[in-house]
Amino acid sequence: MGRVSTCTTLSRELTEPLSATAATATTWLLLEQSGPWGAQALTGSHLDAGLGAALDRAAAGTGVRIALVRRPGRHADTDTTARHEVLLAHTSPADPWVRRGHVGSPAELLGLDFAALGAGDHGSFGAPHVGGPIALVCTNGRRDRCCALLGRPLAAEIAAAGHSEVWEVTHLGGHRFSPTMLVLPHGYAYGRLTPESAKEVLAATAAGHTVPAHSRGRSYWPRPAQAAEQAVRELTGECAADALTLHQHPGGSPWTVDVRHADGRRWRAVVAESASEPPRPESCGKAPGTPSRMDVVEFSPRTR
């Protein structure tokens, strides 16, 4: 299977770092949509294409990222009267939350205030999620075959192990790190998972922790800040998910990122962007490219 999954195989062989590769979103809007998914799922699934495009426009620039989800298993979509479950998740370490509800028609989502959602105001949508961590495993083979070949078996296995909140999701970015998983409420993305490491991540999340060894970053933070957070976690061994807050200074590469621990400790990281060499496909079927990577080039503790 690994040899078929060209982009994941090359990424592993080239020891491409996982750190700072998480898709960025302050808030996730996840819409249940069964049936097949196309490469651009919002406009290439059983969801009305015009509505999918309208939702995409409504979310643009707000910090909200929309994805379709479905339960692991067969994906028949023959019941046109079925309600759609909706998950909303804001992933700030200051106030992470997950809300869930149902809509009779996905068009109802256009009535949401997307700017407010991105800023962390759920507008009393639905009800608070009660229960364990929510696992979102990327399985969209029309986007990249690695996600189907590696993601679907992972989703099925952790669901079979008794984790009730497992969903397949259309796109998390970083196909070459498959199988990939985003876990709520904290919004950490993980890559190159096995069934054992995925279960470890879910157990850690239930305890309020993250697992830096498999982490691609917290989606709430921009990628330079994700790199700085990972550096602090590796230095200190800190695993509490909400122990660190970050401030990324304006500007471009190199970026300056301040990291503060809940106990008052502080660090400053300088993060530079560069191209990954040698070239490799970012997704199966694509020509080799040099994907962006983020590296901490300077790092120091701060006294104030």
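This is a short tour of a predicted model, one selection at a time.

Before you click, note that residues count from 1 along each chain as its sequence is written. Local features here need pLDDT of at least 70 and side-chain atom pairs count only at pLDDT 80 or more, while totals for chains, interfaces and linings use all residues, and side-chain values use heavy atoms, with hydrogens and water left out.

**Stop 1: the sheet.** Select β11 to β14; strands are DSSP runs of E, at least two residues, and helices are runs of H or I, at least four residues, numbered from the N terminus. You should see an open four-stranded sheet, ordered β11-β12-β13-β14, with antiparallel pairing (two strands pair if DSSP finds at least two bridges between them). At the edges sit β11 (244-248) and β14 (292-302), each pairing on one side only. From one strand to the next, the twist averages 25°.

Now zoom in on β12 (residues 255-261) and β13 (residues 266-275), an antiparallel pair joined over six bridges. Pick Asp-258 and you'll find Arg-268 of β13 opposite.

**Stop 2: the helix across the sheet.** Add α6 (residues 223-236). Helix α6 lies across β11, β12, β13 and β14, at about 55° to β14; axes are lines fitted to C-alpha atoms, for helices over the stretch in contact, and angles run from 0 to 180 degrees between N-to-C directions. Contact means heavy atoms within 4.5 Å.

**Stop 3: two crossing helices.** Show α4 (residues 145-160) with α5 (residues 195-206): their axes come within 10 Å and cross at roughly 55°. That makes α4 oblique to α5 (under 35 degrees is roughly parallel, over 145 roughly antiparallel, 65 to 115 roughly perpendicular, and the rest oblique). For the interface, turn on side chains: Leu-154, Glu-157 and Ile-158 of α4 meet Pro-195, Ala-198, Lys-199 and Leu-202 of α5.

**Stop 4: helix α1.** Move to residues 6-13, where Cys-7, Thr-8, Thr-9 and Ser-11 are the buried residues of α1; buried means under 20% relative accessible area, exposed over 50%, partly exposed in between (1.4 Å probe, protein chains only). Their cover includes α4. After α1 comes Thr-15, with a positive phi near 45°.

**Stop 5: the cysteines.** How many disulfides does a search of the whole structure find? Zero, where a disulfide is a pair of cysteine sulfur atoms within 2.5 Å. Select Cys-138: its nearest cysteine sulfur, in Cys-147, is 3.6 Å away. Cys-138 is buried, at 1% relative accessible area, whereas Cys-239 is partly exposed at 27%.
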